[in-house]
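Hi,

Here is the structure I said I would pass on. Have a look at it first, and my notes on what turned up follow below.

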Amino acid sequence: MSTAVPDRAESPATVVDALIIGAGFSGMYQLHCLRDRLGMSARVLEQGDGVGGTWYWNRYPGARCDSESHSYCLTFDKDLYESWEWSERYPEQPEILRYMNHVADRFDLRRDIRFGTRVTAARWDARADRWTVETADAEGGAGERFAATWLITAVGCLSSANVPKLPGLESFAGDWYHTGQWPHDGVDFSGKRVGQIGTGSTGIQAVPVIAETAGHLTVFQRTANYSIPARNAPLTPEFKRYIRENRPAIRELMQSTPNGHAFAIADRSAHDMTPDEREAVYAAAWEKGGLQFRATFRDLLVDKAANDTAADFLKRKIRETVKDPETARLLSDIDHPFATKRPPIDSHYFEAFNRPNVSLVDVRSDPIERITPTGLTLRSGAEHALDVIVFATGFDAMTGPLLNIGITGRDGLTLKEAWREGPKTYLGLGVAGFPNLFTVTGPGSPSVLCNMPVAIEQHVEWITDCIAAMREKGVSRIEPAAEAAEGWVAHVNAAADATLLPMAGHSWYLGANIPGKPRVFMPYAGGMAHYRRICDDVAAKGYEGFVKSA
């Protein structure tokens, strides 16, 4: 189906103060801030048929949050923060979506959200000092046209599905699915031969659940990954009481830590202990489970020798768990330091390979050559017969969702051209040459290195305060200065280089999962709390680094 939209240059536009693209956490909170706090007219444009963003689309088997539930929520409103009680340590997608609908209901947000609306182009009109935005409906037909002074992208960092361009996919006689575009009524794997391609965070969540019903599950692994047990369980009455009694302290802790989670990084080095003492620390963290394993020592992400102690422990745990020696070898043959790629947590991922109906295929040594009508073929000529293919191949992260919008800024400059050599932003919030455009959790911000609701609240509140200040001062246009953006990109690179993160050469943090995408480290690795201070300082200095005009 063609995605072209008919020319509507003469059609009247719906004029609002602000347009927001996306109805996830970011878009909903941004709507609330602009409409209900500042009294602006605002609309959210959302491609899906409901709120939720990531959690509207990601309904694959095993989909869960990897932030603990008591920290994965909006905290800006006391009543909202205190009114929701989670059921599990790591909530499943349906529970998170219920929470997001609760947020939409509480603040009456749906009346200003246009669902089933895909943005096809956004162009800056210099004569009118505003954005003109064109849309299409769910069927690809011409949608409503908008004009707005402010344009805020709240499209998420992981919303542009990456389906590999494998030869022959169109010939496959079975069914295939991408985990980020999962059918809302689910998929029945009963008795079927299923092939899953991809073993990142999503794939690690999906394998154990698919294996429960599939006739046989073949996992095609290019990159072996660390993973830590989630130890997921229903929240106990005692823990629920602890949350109720300590919400302000929990919120303060989240806002003070580098990664926005409700736990602090231990102030000790991995070198401070004897091997036996260090082993005991890792063993306790393994038994507790979850992302807090990364916080056992302060130097795991900055000292390779310290990181090796954690990596060696985790590889040994994989080999202890998986019974088949060759499968265990492949799963533990990890080529990057621990936590330099997104570190998954799992519910019995490695144990799944002990099932008789699960097998592992190494496609690093023997890559997938093509999809056939009956399955797939490897470069060696080995054939795998499949009824279903599941692509757990991730996303065109951080830049993909923004480039897909078709944004054109000042003097006809497209965002695609501006980012030809990689994304360039100021603070991850704005782009030089694109007036009155703000990007929530854009490249150059902590975003995916952080518990997302914490980053989102900071971004939305900063953007809201900036717009309020500009309106109060009669400023009609604001955009980053080119030199400020260049300086920020250099700072983002320096922050990454101060860690081990760039050592993971195949990471989507670098865009390495997308053929032809510039290799640039995209998120800000300087920590959320430090980033917050930088943004506050920029605002306190009259939005230093931005060019403003009446």
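Arg43 sits in strand β2, which covers residues 42–45. Keep in mind throughout that this is a predicted model. With a relative accessibility of 19%, Arg43 counts as buried, because the cut-off for that class is under 20%. Leaving out neighbours within four places in sequence, the contacts of Arg43 are Val16, Ala18, Leu19, Ile20, Asp112, Arg114 and Phe146.

Some other buried spots I looked at:

- Gly24 is in the loop that links β1 (14–21) to α1 (25–37). Its relative accessible area is 9%, so Gly24 is buried. Beyond its neighbours within four places in sequence, Gly24 touches Gly52, Gly53 and Met100. From the C-alpha of Gly24 to that of Tyr56 is 8.3 Å, and the two residues are 32 apart along the chain.
- His178 belongs to strand β7 (residues 175–178). It has a relative accessible area of 2% and is therefore buried. Asn162 is 16 residues away from His178 along the chain, with 8.1 Å between the C-alpha atoms.
- Leu386 falls in the loop between β15 (383–385) and β16 (388–391). At 5% relative accessibility, Leu386 is buried too. If you set aside neighbours within four places in sequence, Leu386 is in contact with Phe172, Arg193, Val194, Gly195, Phe220, Thr374, Gly375 and Leu376. Ala540 is another matter: 154 residues separate it from Leu386 along the chain, and their C-alpha atoms are 59 Å apart.

Next, a pair of helices. How do α14 and α16 pack, and at what angle? Helix α14 spans residues 452–472 and helix α16 spans residues 528–540; the angle between them is about 0°, and their axes are 11 Å apart. That angle is under 35 degrees, so the two helices count as roughly parallel. On the α14 side the contact is made by Val454, Ala455, Gln458, His459 and Trp462. Facing them from α16 are Met528, Tyr531, Arg532, Cys535, Val538 and Ala539. Sorted by class, this contact comprises eight nonpolar residues, two polar and one charged.

Helix α16 comes up again in the second largest pocket, where it gives the most to the lining, with four residues. That pocket holds about 600 Å³ of space. It is lined by 29 residues, and those closest to its centre are Pro258, Ile265, Leu301, Thr499 and Ala525. The lining breaks down into 20 nonpolar, six polar and three charged residues.

Last, the enclosed spaces. How many cavities of 30 Å³ or more does the structure hold? There are four of them, and the largest has about 80 Å³ of space. Which residues line the largest cavity? Going along the chain, they are Pro423, Thr425, Pro443, Gly444, Trp488, Val489, Val492, Asn493, Val520, Phe521 and Met522. Eight of these lining residues are nonpolar and three are polar, with no charged ones.

If you open the model, I would begin with Arg43 in β2, then go on to the α14 and α16 pair and finish at the largest cavity with its lining.

Cheers

How values were computed
Residues numbered from 1 in each chain as written. Predicted model: local features only at pLDDT ≥ 70, side-chain atom pairs only at ≥ 80, totals over all residues. Heavy atoms only, no water. Axes fitted to C-alpha atoms, helices over the stretch in contact; angles between N-to-C directions. Parallel < 35°, antiparallel > 145°, perpendicular 65-115°, else oblique. Contact = heavy atoms within 4.5 Å. Nonpolar A, V, L, I, M, F, W, Y, C, P; charged D, E, K, R; others polar. 1 Å grid on protein atoms, 1.4 Å probe; cavity = no way out; pocket = protein on both sides within 12 Å on 5 of 7 lines; lining within 4 Å. Points joined across faces, edges and corners; volume = space filled by probe spheres on them. Buried < 20%, exposed > 50% of the residue type's maximum accessible area, 1.4 Å probe, protein only.
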